[in-house]
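Subject: Handing over the structure

Hi there,

Here is the structure I promised to pass on to you. Please open it alongside this message and have a look before reading my notes.

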Amino acid sequence: MLISRKLAAGAAFFVLAGAVAGCGSSVPSSAVAEMAGNPITLAAYKHWMFVAAEDLASQEAAQGLSAPVLVSSDPTNYSSCMKNLKAGVASLHTASQSTLLTDCKQVFTSDTSQVLQFLLEGYWYQAEAHKLGVTAPKLLTDFAKYVKKQWPTKTAFAAYLKSSGQTRQDLLFQFTVETYYLKLLKRDEKPVTKQQIAAYYAAHKASFGTPESRDVHLLRTKNAASAQAAVKALQAGQSWTVVARKYSADAAGKANGGLLTGVTSGQYEVAANNAIFDNPVGKLVGPVKGVLGYYVTQVTKIIPAVQEPLATASATIKTTLQTAAQTAAQTKVADAAKKSWFKLTTCRSPYEAQGVCSNYKAPPTTSVTSTTPATTSTPATVTTTPATTSTTSTKSTTTTTTTATKKSKKG
(Lines give C-alpha, C1' and ligand atoms only; values in the text may rest on other atoms or scores of the structure.)
Protein backbone atom coordinates (compact mmCIF):
# COMPACT_ATOMS: atom_id res chain seq x y z
CA MET A 1 0.00 0.00 0.00
CA LEU A 2 1.05 3.53 0.07
CA ILE A 3 1.38 3.97 3.73
CA SER A 4 4.72 3.44 5.30
CA ARG A 5 4.87 1.11 8.27
CA LYS A 6 5.44 4.11 10.46
CA LEU A 7 2.30 5.78 9.24
CA ALA A 8 0.21 2.70 9.18
CA ALA A 9 1.25 2.12 12.74
CA GLY A 10 -0.05 5.42 13.87
CA ALA A 11 -0.49 8.50 11.86
CA ALA A 12 -3.74 8.94 9.99
CA PHE A 13 -5.28 12.18 11.22
CA PHE A 14 -8.16 14.12 9.84
CA VAL A 15 -8.65 17.82 10.42
CA LEU A 16 -10.37 18.26 13.75
CA ALA A 17 -13.56 20.20 13.60
CA GLY A 18 -15.55 19.55 16.71
CA ALA A 19 -17.00 16.93 18.97
CA VAL A 20 -17.33 13.36 17.86
CA ALA A 21 -20.51 12.73 15.95
CA GLY A 22 -23.09 10.43 17.42
CA CYS A 23 -22.25 6.87 16.54
CA GLY A 24 -24.63 4.70 14.64
CA SER A 25 -24.83 0.98 14.12
CA SER A 26 -24.59 0.99 10.31
CA VAL A 27 -22.28 2.46 7.69
CA PRO A 28 -24.01 4.43 4.93
CA SER A 29 -23.70 3.21 1.34
CA SER A 30 -21.71 6.32 0.48
CA ALA A 31 -18.94 5.22 2.86
CA VAL A 32 -16.84 2.13 3.48
CA ALA A 33 -16.31 2.67 7.18
CA GLU A 34 -16.94 5.06 10.01
CA MET A 35 -15.43 5.86 13.37
CA ALA A 36 -17.82 7.28 15.97
CA GLY A 37 -20.02 8.60 13.19
CA ASN A 38 -17.16 10.02 11.12
CA PRO A 39 -17.19 8.27 7.72
CA ILE A 40 -14.48 7.24 5.34
CA THR A 41 -16.31 8.01 2.15
CA LEU A 42 -16.28 5.69 -0.82
CA ALA A 43 -14.67 8.46 -2.85
CA ALA A 44 -11.91 8.85 -0.27
CA TYR A 45 -11.29 5.11 -0.19
CA LYS A 46 -11.04 4.90 -3.98
CA HIS A 47 -8.75 7.90 -4.06
CA TRP A 48 -6.26 6.29 -1.69
CA MET A 49 -6.50 2.93 -3.41
CA PHE A 50 -5.45 4.71 -6.61
CA VAL A 51 -2.62 6.59 -4.92
CA ALA A 52 -1.46 3.30 -3.42
CA ALA A 53 -1.36 1.64 -6.83
CA GLU A 54 0.44 4.62 -8.37
CA ASP A 55 3.01 4.61 -5.61
CA LEU A 56 3.73 0.91 -5.91
CA ALA A 57 4.08 1.10 -9.67
CA SER A 58 6.50 4.04 -9.40
CA GLN A 59 8.60 2.20 -6.82
CA GLU A 60 8.89 -0.82 -9.05
CA ALA A 61 9.71 1.36 -12.05
CA ALA A 62 12.54 2.92 -10.03
CA GLN A 63 13.93 -0.60 -9.59
CA GLY A 64 13.78 -1.25 -13.31
CA LEU A 65 10.67 -3.41 -13.04
CA SER A 66 7.60 -3.11 -15.21
CA ALA A 67 4.32 -3.21 -13.32
CA PRO A 68 0.85 -1.89 -14.14
CA VAL A 69 -1.01 0.64 -12.00
CA LEU A 70 -3.28 -2.01 -10.56
CA VAL A 71 -6.38 -0.67 -8.82
CA SER A 72 -8.92 -3.10 -7.44
CA SER A 73 -11.33 -1.02 -5.37
CA ASP A 74 -14.70 -2.25 -6.64
CA PRO A 75 -15.66 -5.67 -5.21
CA THR A 76 -18.61 -5.87 -7.60
CA ASN A 77 -16.60 -5.38 -10.80
CA TYR A 78 -13.02 -6.58 -11.30
CA SER A 79 -12.97 -6.18 -15.09
CA SER A 80 -10.63 -3.16 -15.13
CA CYS A 81 -8.22 -4.79 -12.72
CA MET A 82 -8.23 -8.01 -14.72
CA LYS A 83 -7.61 -6.16 -17.97
CA ASN A 84 -4.67 -4.20 -16.56
CA LEU A 85 -3.24 -7.26 -14.86
CA LYS A 86 -3.32 -9.33 -18.01
CA ALA A 87 -1.81 -6.57 -20.12
CA GLY A 88 0.75 -5.38 -17.60
CA VAL A 89 2.21 -8.62 -16.23
CA ALA A 90 4.02 -10.67 -18.86
CA SER A 91 3.52 -13.98 -17.09
CA LEU A 92 -0.25 -13.43 -17.12
CA HIS A 93 -0.74 -12.52 -20.78
CA THR A 94 -2.31 -15.93 -21.42
CA ALA A 95 -3.84 -16.44 -17.96
CA SER A 96 -7.41 -17.61 -17.66
CA GLN A 97 -10.22 -15.31 -16.54
CA SER A 98 -10.52 -17.39 -13.40
CA THR A 99 -6.88 -16.85 -12.50
CA LEU A 100 -7.08 -13.11 -13.15
CA LEU A 101 -10.25 -12.83 -11.08
CA THR A 102 -8.65 -14.67 -8.17
CA ASP A 103 -5.63 -12.40 -8.26
CA CYS A 104 -7.67 -9.21 -8.46
CA LYS A 105 -9.75 -10.32 -5.50
CA GLN A 106 -6.55 -10.81 -3.55
CA VAL A 107 -5.36 -7.35 -4.58
CA PHE A 108 -8.67 -5.92 -3.35
CA THR A 109 -8.40 -7.66 -0.01
CA SER A 110 -4.76 -6.78 0.56
CA ASP A 111 -4.94 -3.16 -0.53
CA THR A 112 -8.24 -2.51 1.21
CA SER A 113 -6.82 -3.84 4.44
CA GLN A 114 -3.82 -1.52 4.27
CA VAL A 115 -5.74 1.55 3.13
CA LEU A 116 -8.36 1.20 5.82
CA GLN A 117 -5.76 0.51 8.46
CA PHE A 118 -4.04 3.68 7.34
CA LEU A 119 -7.18 5.81 7.37
CA LEU A 120 -8.93 4.40 10.43
CA GLU A 121 -5.87 4.40 12.63
CA GLY A 122 -5.46 7.98 11.50
CA TYR A 123 -8.92 8.77 12.78
CA TRP A 124 -8.09 7.12 16.07
CA TYR A 125 -4.91 9.10 16.55
CA GLN A 126 -6.40 12.46 15.73
CA ALA A 127 -9.41 11.70 17.88
CA GLU A 128 -7.11 10.69 20.71
CA ALA A 129 -5.07 13.87 20.35
CA HIS A 130 -8.19 16.00 20.42
CA LYS A 131 -9.56 14.12 23.42
CA LEU A 132 -6.34 14.79 25.33
CA GLY A 133 -6.30 18.46 24.43
CA VAL A 134 -3.26 18.23 22.17
CA THR A 135 -3.17 21.25 19.86
CA ALA A 136 -1.06 22.51 16.96
CA PRO A 137 -1.73 26.26 16.66
CA LYS A 138 0.98 26.82 14.03
CA LEU A 139 0.00 23.87 11.86
CA LEU A 140 -0.78 25.77 8.66
CA THR A 141 2.29 27.99 8.95
CA ASP A 142 4.51 24.98 9.57
CA PHE A 143 2.94 23.15 6.65
CA ALA A 144 3.61 26.07 4.30
CA LYS A 145 7.27 26.07 5.38
CA TYR A 146 7.47 22.32 4.87
CA VAL A 147 6.10 22.53 1.33
CA LYS A 148 8.48 25.36 0.46
CA LYS A 149 11.44 23.38 1.75
CA GLN A 150 10.51 20.15 -0.02
CA TRP A 151 9.44 21.76 -3.30
CA PRO A 152 11.11 25.17 -3.70
CA THR A 153 9.18 26.03 -6.87
CA LYS A 154 5.53 25.77 -7.87
CA THR A 155 6.60 23.75 -10.87
CA ALA A 156 8.34 21.16 -8.71
CA PHE A 157 5.36 20.96 -6.38
CA ALA A 158 2.89 20.55 -9.24
CA ALA A 159 5.05 17.83 -10.78
CA TYR A 160 5.11 15.91 -7.50
CA LEU A 161 1.35 16.12 -7.08
CA LYS A 162 0.82 14.92 -10.63
CA SER A 163 3.21 11.99 -10.34
CA SER A 164 1.90 10.84 -6.95
CA GLY A 165 -1.80 11.30 -7.70
CA GLN A 166 -2.20 13.43 -4.59
CA THR A 167 -3.47 16.91 -3.87
CA ARG A 168 -2.22 19.71 -1.64
CA GLN A 169 -4.98 18.79 0.80
CA ASP A 170 -3.66 15.24 0.89
CA LEU A 171 -0.27 16.51 1.93
CA LEU A 172 -1.77 18.87 4.49
CA PHE A 173 -3.69 15.98 5.93
CA GLN A 174 -0.55 13.88 6.15
CA PHE A 175 1.40 16.72 7.69
CA THR A 176 -1.37 17.10 10.26
CA VAL A 177 -1.08 13.42 10.99
CA GLU A 178 2.61 13.58 11.63
CA THR A 179 2.33 16.71 13.73
CA TYR A 180 -0.30 15.32 16.08
CA TYR A 181 1.25 11.88 16.23
CA LEU A 182 4.60 13.28 17.29
CA LYS A 183 2.88 15.45 19.89
CA LEU A 184 1.18 12.35 21.30
CA LEU A 185 4.52 10.60 21.50
CA LYS A 186 6.12 13.57 23.19
CA ARG A 187 3.64 13.32 26.06
CA ASP A 188 5.30 10.05 27.02
CA GLU A 189 8.88 11.11 26.40
CA LYS A 190 11.23 10.99 29.36
CA PRO A 191 14.87 12.06 29.23
CA VAL A 192 17.51 9.35 29.60
CA THR A 193 19.34 9.78 32.91
CA LYS A 194 22.98 9.19 33.78
CA GLN A 195 21.83 6.53 36.23
CA GLN A 196 20.05 4.63 33.44
CA ILE A 197 23.13 4.84 31.24
CA ALA A 198 25.37 3.52 34.03
CA ALA A 199 22.97 0.69 34.80
CA TYR A 200 22.82 -0.34 31.15
CA TYR A 201 26.60 -0.26 30.90
CA ALA A 202 26.97 -2.49 33.96
CA ALA A 203 24.44 -4.99 32.60
CA HIS A 204 26.00 -5.11 29.12
CA LYS A 205 29.65 -4.53 29.90
CA ALA A 206 30.82 -7.32 27.60
CA SER A 207 29.28 -5.46 24.67
CA PHE A 208 31.55 -2.48 25.23
CA GLY A 209 34.96 -3.96 24.67
CA THR A 210 36.95 -6.76 23.14
CA PRO A 211 37.59 -9.96 25.12
CA GLU A 212 41.00 -11.52 25.45
CA SER A 213 41.95 -13.61 22.46
CA ARG A 214 44.80 -15.96 21.71
CA ASP A 215 46.71 -17.26 18.71
CA VAL A 216 47.29 -20.96 19.22
CA HIS A 217 48.34 -24.20 17.56
CA LEU A 218 45.54 -26.70 18.15
CA LEU A 219 45.77 -30.31 17.05
CA ARG A 220 42.94 -32.80 17.50
CA THR A 221 43.43 -36.54 17.16
CA LYS A 222 40.98 -39.40 17.26
CA ASN A 223 42.84 -41.37 19.93
CA ALA A 224 45.26 -40.90 22.81
CA ALA A 225 48.09 -42.74 21.09
CA SER A 226 48.15 -40.33 18.15
CA ALA A 227 48.04 -37.35 20.50
CA GLN A 228 50.94 -38.71 22.54
CA ALA A 229 52.94 -39.37 19.38
CA ALA A 230 52.30 -35.78 18.26
CA VAL A 231 53.55 -34.45 21.62
CA LYS A 232 56.74 -36.50 21.41
CA ALA A 233 57.38 -35.37 17.86
CA LEU A 234 57.01 -31.70 18.83
CA GLN A 235 59.24 -32.19 21.87
CA ALA A 236 61.81 -33.76 19.55
CA GLY A 237 61.91 -30.59 17.51
CA GLN A 238 59.58 -31.36 14.60
CA SER A 239 57.55 -28.39 13.39
CA TRP A 240 53.81 -27.95 13.94
CA THR A 241 53.40 -28.00 10.16
CA VAL A 242 54.92 -31.49 9.89
CA VAL A 243 53.27 -32.89 13.03
CA ALA A 244 49.82 -31.53 12.22
CA ARG A 245 49.97 -32.86 8.69
CA LYS A 246 50.72 -36.32 10.07
CA TYR A 247 48.48 -36.55 13.16
CA SER A 248 45.62 -34.02 12.85
CA ALA A 249 42.11 -35.42 12.40
CA ASP A 250 40.97 -32.12 10.85
CA ALA A 251 41.63 -31.23 7.22
CA ALA A 252 42.11 -27.52 8.06
CA GLY A 253 44.57 -28.39 10.81
CA LYS A 254 46.66 -30.48 8.43
CA ALA A 255 46.96 -27.53 6.03
CA ASN A 256 48.32 -24.82 8.31
CA GLY A 257 49.95 -26.50 11.23
CA GLY A 258 46.78 -26.18 13.28
CA LEU A 259 47.37 -22.45 13.75
CA LEU A 260 44.31 -20.51 14.86
CA THR A 261 44.29 -16.73 15.36
CA GLY A 262 42.07 -14.55 17.51
CA VAL A 263 40.51 -17.43 19.44
CA THR A 264 38.20 -16.25 22.23
CA SER A 265 37.02 -18.26 25.19
CA GLY A 266 34.03 -20.45 24.46
CA GLN A 267 34.74 -21.16 20.81
CA TYR A 268 35.79 -24.76 21.44
CA GLU A 269 34.65 -27.54 23.74
CA VAL A 270 35.55 -27.24 27.42
CA ALA A 271 38.63 -29.49 27.36
CA ALA A 272 40.22 -27.62 24.45
CA ASN A 273 39.10 -24.24 25.78
CA ASN A 274 40.75 -24.84 29.16
CA ALA A 275 43.95 -26.07 27.56
CA ILE A 276 44.15 -22.88 25.53
CA PHE A 277 43.20 -20.32 28.17
CA ASP A 278 44.68 -21.86 31.33
CA ASN A 279 48.24 -21.95 30.05
CA PRO A 280 50.92 -19.39 29.20
CA VAL A 281 52.53 -18.63 25.85
CA GLY A 282 54.89 -21.33 24.61
CA LYS A 283 53.79 -24.17 26.91
CA LEU A 284 53.11 -27.44 25.07
CA VAL A 285 49.95 -28.97 26.53
CA GLY A 286 48.54 -32.44 25.92
CA PRO A 287 47.26 -34.96 25.36
CA VAL A 288 43.99 -33.54 26.78
CA LYS A 289 40.93 -35.75 26.52
CA GLY A 290 37.78 -34.10 25.21
CA VAL A 291 34.38 -35.14 23.93
CA LEU A 292 35.49 -34.96 20.31
CA GLY A 293 38.92 -36.53 20.70
CA TYR A 294 42.34 -35.73 22.17
CA TYR A 295 43.98 -32.31 21.97
CA VAL A 296 47.51 -30.95 21.85
CA THR A 297 47.90 -27.16 22.11
CA GLN A 298 50.51 -24.43 22.30
CA VAL A 299 49.65 -20.72 22.66
CA THR A 300 51.80 -18.42 20.53
CA LYS A 301 50.33 -15.02 21.42
CA ILE A 302 47.91 -13.45 23.90
CA ILE A 303 45.94 -10.36 22.90
CA PRO A 304 44.68 -8.66 26.10
CA ALA A 305 41.05 -7.71 26.58
CA VAL A 306 40.11 -4.10 25.93
CA GLN A 307 37.24 -2.53 27.87
CA GLU A 308 35.60 0.63 26.53
CA PRO A 309 35.10 3.05 29.43
CA LEU A 310 31.65 4.26 30.43
CA ALA A 311 32.48 7.82 29.40
CA THR A 312 33.18 6.69 25.83
CA ALA A 313 30.23 4.34 25.63
CA SER A 314 27.68 6.78 27.09
CA ALA A 315 26.65 8.36 23.78
CA THR A 316 25.93 4.98 22.20
CA ILE A 317 24.05 3.79 25.26
CA LYS A 318 21.99 6.97 25.36
CA THR A 319 20.92 6.49 21.77
CA THR A 320 20.00 2.87 22.47
CA LEU A 321 17.89 3.84 25.48
CA GLN A 322 16.23 6.68 23.59
CA THR A 323 15.29 4.32 20.77
CA ALA A 324 13.85 1.82 23.24
CA ALA A 325 11.91 4.60 24.96
CA GLN A 326 10.55 5.80 21.63
CA THR A 327 9.41 2.30 20.73
CA ALA A 328 7.72 1.97 24.11
CA ALA A 329 6.01 5.33 23.60
CA GLN A 330 4.77 4.31 20.15
CA THR A 331 3.31 1.13 21.58
CA LYS A 332 1.68 3.03 24.42
CA VAL A 333 0.14 5.61 22.11
CA ALA A 334 -1.08 2.93 19.71
CA ASP A 335 -2.62 0.86 22.48
CA ALA A 336 -4.32 3.88 24.03
CA ALA A 337 -5.81 5.03 20.73
CA LYS A 338 -7.11 1.58 19.89
CA LYS A 339 -8.58 1.15 23.34
CA SER A 340 -10.47 4.43 22.94
CA TRP A 341 -11.73 4.08 19.38
CA PHE A 342 -11.67 0.50 18.09
CA LYS A 343 -15.10 -0.39 19.41
CA LEU A 344 -16.51 2.75 17.79
CA THR A 345 -15.16 1.74 14.37
CA THR A 346 -17.34 -0.17 11.92
CA CYS A 347 -16.76 -1.14 8.30
CA ARG A 348 -19.26 -1.94 5.58
CA SER A 349 -19.12 -5.37 3.97
CA PRO A 350 -16.99 -6.45 2.14
CA TYR A 351 -14.51 -3.77 3.25
CA GLU A 352 -13.93 -5.08 6.77
CA ALA A 353 -10.24 -5.02 7.66
CA GLN A 354 -8.70 -7.02 10.46
CA GLY A 355 -7.38 -5.05 13.40
CA VAL A 356 -9.26 -1.82 12.71
CA CYS A 357 -12.87 -2.83 12.01
CA SER A 358 -14.67 -3.96 15.16
CA ASN A 359 -17.09 -6.02 13.07
CA TYR A 360 -14.37 -7.93 11.19
CA LYS A 361 -14.83 -11.69 11.02
CA ALA A 362 -12.12 -13.96 9.67
CA PRO A 363 -13.15 -15.66 6.40
CA PRO A 364 -13.19 -19.46 6.10
CA THR A 365 -9.72 -20.86 5.55
CA THR A 366 -8.99 -21.64 1.92
CA SER A 367 -5.86 -22.66 0.07
CA VAL A 368 -5.69 -20.44 -2.99
CA THR A 369 -2.38 -19.88 -4.71
CA SER A 370 -1.98 -16.59 -6.52
CA THR A 371 -0.18 -16.55 -9.86
CA THR A 372 0.34 -12.81 -9.72
CA PRO A 373 3.87 -11.66 -8.92
CA ALA A 374 4.07 -10.70 -5.27
CA THR A 375 5.10 -7.17 -6.09
CA THR A 376 1.83 -6.66 -7.93
CA SER A 377 -0.84 -8.61 -6.10
CA THR A 378 0.19 -7.71 -2.59
CA PRO A 379 1.70 -4.26 -2.48
CA ALA A 380 4.07 -3.83 0.37
CA THR A 381 4.17 -0.86 2.66
CA VAL A 382 4.82 2.31 0.76
CA THR A 383 5.31 5.96 1.54
CA THR A 384 3.29 8.54 -0.32
CA THR A 385 5.13 11.54 1.00
CA PRO A 386 8.73 12.50 1.71
CA ALA A 387 10.20 10.82 4.74
CA THR A 388 9.74 13.89 6.87
CA THR A 389 5.99 13.50 6.87
CA SER A 390 3.61 10.74 7.69
CA THR A 391 0.81 9.71 5.40
CA THR A 392 -2.89 9.52 5.74
CA SER A 393 -5.96 10.63 3.98
CA THR A 394 -7.00 14.13 3.07
CA LYS A 395 -9.66 16.57 3.88
CA SER A 396 -10.81 17.25 0.34
CA THR A 397 -10.27 14.22 -1.83
CA THR A 398 -10.30 11.74 0.96
CA THR A 399 -12.67 11.66 3.82
CA THR A 400 -15.39 13.91 5.06
CA THR A 401 -14.93 13.58 8.76
CA THR A 402 -15.26 15.65 11.79
CA THR A 403 -12.97 15.26 14.68
CA ALA A 404 -13.22 13.49 17.86
CA THR A 405 -13.10 15.23 21.10
CA LYS A 406 -14.74 12.76 23.35
CA LYS A 407 -16.50 9.47 23.03
CA SER A 408 -19.79 9.82 21.33
CA LYS A 409 -23.03 8.97 22.97
CA LYS A 410 -24.94 6.17 21.39
CA GLY A 411 -27.60 7.60 19.24
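Below is what I found in it, going through the sheets, the helix packing and the disulfides.

One thing to keep in mind from the start: this is a predicted model.

**The sheet of three strands**

Let me begin with the open sheet built from 3 strands, which are ordered 2-1-9 and paired in the antiparallel sense. Its edges are strand 2 (38-41) and strand 9 (345-347); each has a single partner strand, so one side of each has no neighbour in the sheet. From one strand to the next, the twist averages 20 degrees. Strand 1, residues 31-35, is joined to strand 2 by 4 bridges, and the two are antiparallel. If you want a pair to locate on screen, take Glu 34, whose bridge partner in strand 2 is Pro 39.

**Helix 2 and its neighbours**

What lies across this pair of strands? Helix 2 (residues 42-62) lies across both strand 1 and strand 2, and it runs at about 50 degrees to strand 2.

Helix 2 also packs against another helix. Two packed helices are described by the angle between their axes and the distance between the axes. For helix 2 and helix 4 (residues 97-131), the axes come within 10 Å and cross at roughly 115 degrees. Helix 2 is therefore roughly perpendicular to helix 4. As for the hand, the crossing of helix 2 and helix 4 is right-handed.

Which residues meet there? From helix 2 come Tyr 45, Trp 48 and Met 49, and they meet Phe 108, Asp 111, Thr 112, Val 115, Leu 116, Phe 118 and Leu 119 of helix 4. Sorted by type, the residues of this contact are 8 nonpolar, 1 polar and 1 charged.

**Disulfides**

Helix 4 turns up again here. The structure has 2 disulfides, and one of them links Cys 81 and Cys 104, with 2.1 Å between the sulfur atoms. The torsion about the S-S bond of Cys 81 and Cys 104 is about -95 degrees, so this disulfide is left-handed. Cys 81 sits in helix 3 (residues 79-88) and Cys 104 in helix 4, so the pair ties together parts that are 23 residues apart in sequence.

**The sheet of four strands**

Further along the chain there is an open sheet of 4 strands in the order 5-4-7-6, with antiparallel pairing. Strand 5 (259-264) and strand 6 are the edge strands, and each of them pairs on one side only. The twist in this sheet averages 35 degrees from one strand to the next.

Taking the pairs in turn, strand 4 (residues 213-221) and strand 5 run antiparallel and are joined by 4 bridges. Within that pairing, Val 216 stands opposite Leu 260 of strand 5. Strand 6 (residues 284-289) and strand 7 (residues 294-303) are also antiparallel, with 4 bridges between them, and the bridge partner of Val 285 in strand 7 is Thr 297.

How many residues lie between the strands in the hairpin of strand 6 and strand 7? There are 4, and Gly 293 in this hairpin takes a positive phi near 145 degrees.

This sheet has a helix across it as well: helix 10 (residues 240-247) lies across strand 4, strand 6 and strand 7, and runs at about 40 degrees to strand 4.

Happy to talk any of this through once you have had a look.

Best wishes

Methods: Residues are numbered from 1 along each chain as its sequence is written. This is a predicted model: local features need pLDDT of at least 70, side-chain atom pairs count only at pLDDT 80 or more; totals for chains, interfaces and linings use all residues. Side-chain values use heavy atoms; hydrogens and water are left out. Two strands pair if DSSP finds at least two bridges between them. Axes are lines fitted to C-alpha atoms, for helices over the stretch in contact, and angles run from 0 to 180 degrees between N-to-C directions. Contact means heavy atoms within 4.5 Å. Angles under 35 degrees count as roughly parallel, over 145 as roughly antiparallel, 65 to 115 as roughly perpendicular and the rest as oblique. A crossing is left-handed if the near helix is turned anticlockwise from the far one by less than a right angle, and right-handed if clockwise. Ala, Val, Leu, Ile, Met, Phe, Trp, Tyr, Cys and Pro count as nonpolar, Asp, Glu, Lys and Arg as charged, and the others, Gly among them, as polar. A disulfide is a pair of cysteine sulfur atoms within 2.5 Å.
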